[in-house]
Amino acid sequence: MTKVSVLVTNYNYERFIDEAVESVMTQTVQPQEIIIVDDGSTDGSRRRIEALARKYPIIEAVFNENQGQGAALNAAFVRCSGDIVYLLDSDDTWLPDKIATTLPLFDKAGFVQHNLHLLQGVYRSFLVQAEPLRYMQELGYVDFFAPTSALGFRREVLEQVFPLPDTESLRICADAVLTRLALHYGELETLDVPLGCYRVHGDNGWYSSRFQGQHYVMSLIGILNRCLVERGFARIPVERNCLLPRPQGQPVEEVERSLAVLREMREDPIHRAACLVLEGQLLLHQGREKEALEAFSRAAGEGSSVPEEVRVFLKLGNGPAPGEAEAGMLSTEAAANMFFEMAVCLVRLRRYEEALAAFVSVLHHAPDRLEIYLNRSDSLRYLGRFDEALAEVDEAEKRNPALPGLAETRDKVCRAMEAAGLSCPARNKVDAQKGMSVQIQTTSVCNGKCIMCPYLDSWHKDNPGVMTDDVYDRILRELQTVDVDKICLYLENEPLVDPKLIPRMQQFIREVPFRLMEISTNAALLSAQRSEQLAQTLANVPHQIWISFHGLDERTYNGIMGLDFNKSLSQVIRLLRLAETVPLNVIIRGSGEPQHESLRHEFAFSESDYRAFWAAKFAEHGITRPPKINYFRYHDRCGTIRRNSIRLHENVRDTLKGFHCPRVDSWLHFLYTGELCICCMDYHREQIFGDITKQSLKEIRESEAYTTMRDKAFGRRESPADFICKRCVSPNG
């Protein structure tokens with residue numbers, strides 16, 4: 001008789017562990033052994049696990065010090081004795097027939113994976129199902145596998161894989177190394193059927209992790225490659241993976257090499273559909289939309305079922321009938337993804353009617369992908385079919401009233417209608433649904449002297465001050481009545497000048513729900529202590545840390561920003577070193593060229609030079625988790641620069657009819673005094689429409705001053721010739 005073991009790892013999932021174990025114990029084919037390893041939980045997990053062990057004698061409970069998932073799996077495997085070994089994360093669950101469905105597959109397979117339900121869809125598309133090792137070795141592709149709770153192995157395969165190495169680096173995502181090692185010791189069988197549920201709850205090790213970036217993926221591949229070489233296998237040539245983003249872009253020769261390999265592999269019918277989709281993805285990444293569309297169209301004609309009317313409209317070949325799954329066929333989810341990418345090509349090519357048909361085919365394969373209704377709304381809006389665009393949003397909302405993007409998509413339709421001189425019937429609903437983004441100026445002081453910034457001749461410079469605790473507390477109380485999308489604790493200043501900034505960030509986190517906290521600094525005051533405090537404050541909340549760094553060397557940096565180049569650079573590098581171990585989302589931004597050529601200054605630098613500068617610094621300092629680089633073209637901040645030539649001398653627009661800027665009605669901008677100004681460009685305090693120290697937020701937003709300001713900004717009321725919105729080059733900031 002085949003003995004089945006289940007290995008369960010747990011860390012602080014007291015609230016989920018019972019449901020996970022019960023999903024194993026209600027299997028139609030029962031395991032003979034369950035090993036639960038608790039990884040040093042600090043909640044009530046131990047009590048729950050001990051109770052489960054008393055209830056079910058087949059459970060062996062192991063309580064370790066906290067060492068991470070890799071160490072926990074090592075500890076579990078040495079204690080199990082099953083011929084077939086399944087893995088389960090303690091926050092996930094299985095469907096009752098999971099073992100019964102997968103167990104027969106082990107007659108031929110060394111390990112088996114299946115899909116998982118995830119939110120309204122499934123976890124994995126399984127584009128590549130045949131010979132994944134070939135894709136790894138020839139193209140550097142690695143993303144073929146389901147997560148821990150969808151995996152099962154023959155014992156002899158795991159005996160070759162365990163113990164997992166370098167467990168300190170595998171505190172999460174140990175399965176990423178395990179699966180790719182196992183591929184070298186046994187045949188993989190993939191089921192595209194969901195046989196379990198991946199739970200999303202905010203504390204997931206990977207799904208909710210700040211480690212979900214390319215930097216962490218690359219570190220995992222580094223661990224895996226060391227293991228492979230030590231065991232006598234070829235390393236994964238990840239440098240050949242042209243689907244991974246790189247700061248300098250993909251070398252043309254590597255792109256062409258990958259395309260040649262894919263075209264050779266697709267001669268084999270079992271690889272044809274997958275290789276055509278991968279070819280299309282690669283071409284789409286390169287901005288070669290027409291070629292990508294051709295590859296996707298061929299894949300659609302050969303590897304998926306499509307409604308006949310869509311097939312005719314998109315000029316696809318005769319594909320297989322629904323339900324006729326054959327070798328080389330795309331999985332349902334892979335087909336849905338492929339049609340979505342086809343639609344992206346069509347939208348970029350402005351072939352919106354065809355894009356609508358491609359979106360229909362996405363829904364044909366994945367009817368639960370409700371965001372596609374919003375994508376269809378965008379295409380209908382581009383076509384000027386506004387009533388149909390609103391109807392698509394209504395349909396999405398009917399199916400899921402909490403779907404992200406509903407209000408934003410409706411708002412885009414309303415703005416397009418208003419720009420065309422039409423009245424939007426959904427305007428009141430849009431205004432009622434939108435969340436607000438907030439900027440709070442806790443101090444008006446900035447230590448920088450940026451030549452493309454109005455600060456040095458602004459109202460803030462002439463009226464320096466720091467927000468009092470009473471004003472700050474009042475703002476937070478009022479914001480508790482608002483759906484806060486993003487909170488930015490800076491406005492036309494350097495926030496680190498405020499000695500209370502960190503405690504104020506912590507207070508906001510405690511008292512006001514929000515979706516994203518953003519901080520922006522020039523790094524000149526980013527001491528070691530401040531960096532540590534930022535890390536401790538932001539590590540466990542959704543956040544972005546923007547570093548403004550305008551320059552490539554002492555001449556350009558000091559000339560543009562008036563700060564110490566070497567000091568600021570060293571402090572940025574220190575923060576990035578900290579981000580190697582703490583999940584910080586750092587973005588470095590710089591601007592060396594203008595939007596309007598007349599604004600060019602003597603310290604200009606290009607985007608390619610800027611990206612090359614940072615790539616060299618990351619290599620020099622051994623930064624393995626490099627941040628995103630954001631290069632933008634500066635403008636004259638609504639003409640509010642007054643001291644030098646970096647300003648336009650005429651209005652950008654004479655009329656505001658049809659104009660829309662989210663800053664006016666989707667943002668709140670609090671000055672340190674408690675007053676609200678129109679936007680982040682209002683350096684001279686031109687448009688003040690309320691004071692939180694004298695009015696409630698509700699009173700301010702219902703006031704005549706607020707209504708008048710909005711009406712002027714959107715061209716519904718006459719405004720002065722020099723009104724700030726008429727001078728704005730860049731609506732929304």
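A residue counts as exposed when its relative accessible area is over 50%, as buried when that area is under 20%, and as partly exposed in between. These classes are a handy way into the salt bridges of this predicted model, for which the count comes to 44.

Helix α1, which spans residues 14-25, offers a good place to start. Its residue E22 pairs with K55, and the closest N and O atoms of the two lie 2.9 Å apart. This salt bridge links distant parts of the chain, since K55 sits in helix α2 (residues 45-55), 33 residues away from E22. K55 has a relative accessible area of 51% and is therefore exposed, whereas E22, with 24%, is partly exposed.

A second salt bridge involving helix α1 joins the side chains of E19 and R199, with an N to O distance of 2.8 Å. Here, too, distant parts of the chain are linked: R199 belongs to the loop between β9 (188-198) and α8 (214-230), and the two partners are 180 residues apart. Both ends of this contact fall into the intermediate class, because E19 has a relative accessible area of 45% and R199 one of 23%.

Further along the chain, D711 and R716 form a salt bridge whose closest N and O atoms are 3.1 Å apart. The accessibility of D711 is 14%, so this residue counts as buried; its partner R716, at 47%, is partly exposed. Elsewhere, the salt bridges go beyond simple pairs: D469, D498, K500 and R504 are joined into one network by salt bridges that share partners.

Technical notes:
Residues are numbered from 1 along each chain as its sequence is written. This is a predicted model: local features need pLDDT of at least 70, side-chain atom pairs count only at pLDDT 80 or more; totals for chains, interfaces and linings use all residues. Side-chain values use heavy atoms; hydrogens and water are left out. A salt bridge is a side-chain nitrogen of Lys or Arg within 4 Å of a carboxyl oxygen of Asp or Glu. Helices (H or I, at least four residues) and strands (E, at least two) are DSSP runs, numbered from the N terminus. Buried means under 20% relative accessible area, exposed over 50%, partly exposed in between (1.4 Å probe, protein chains only).
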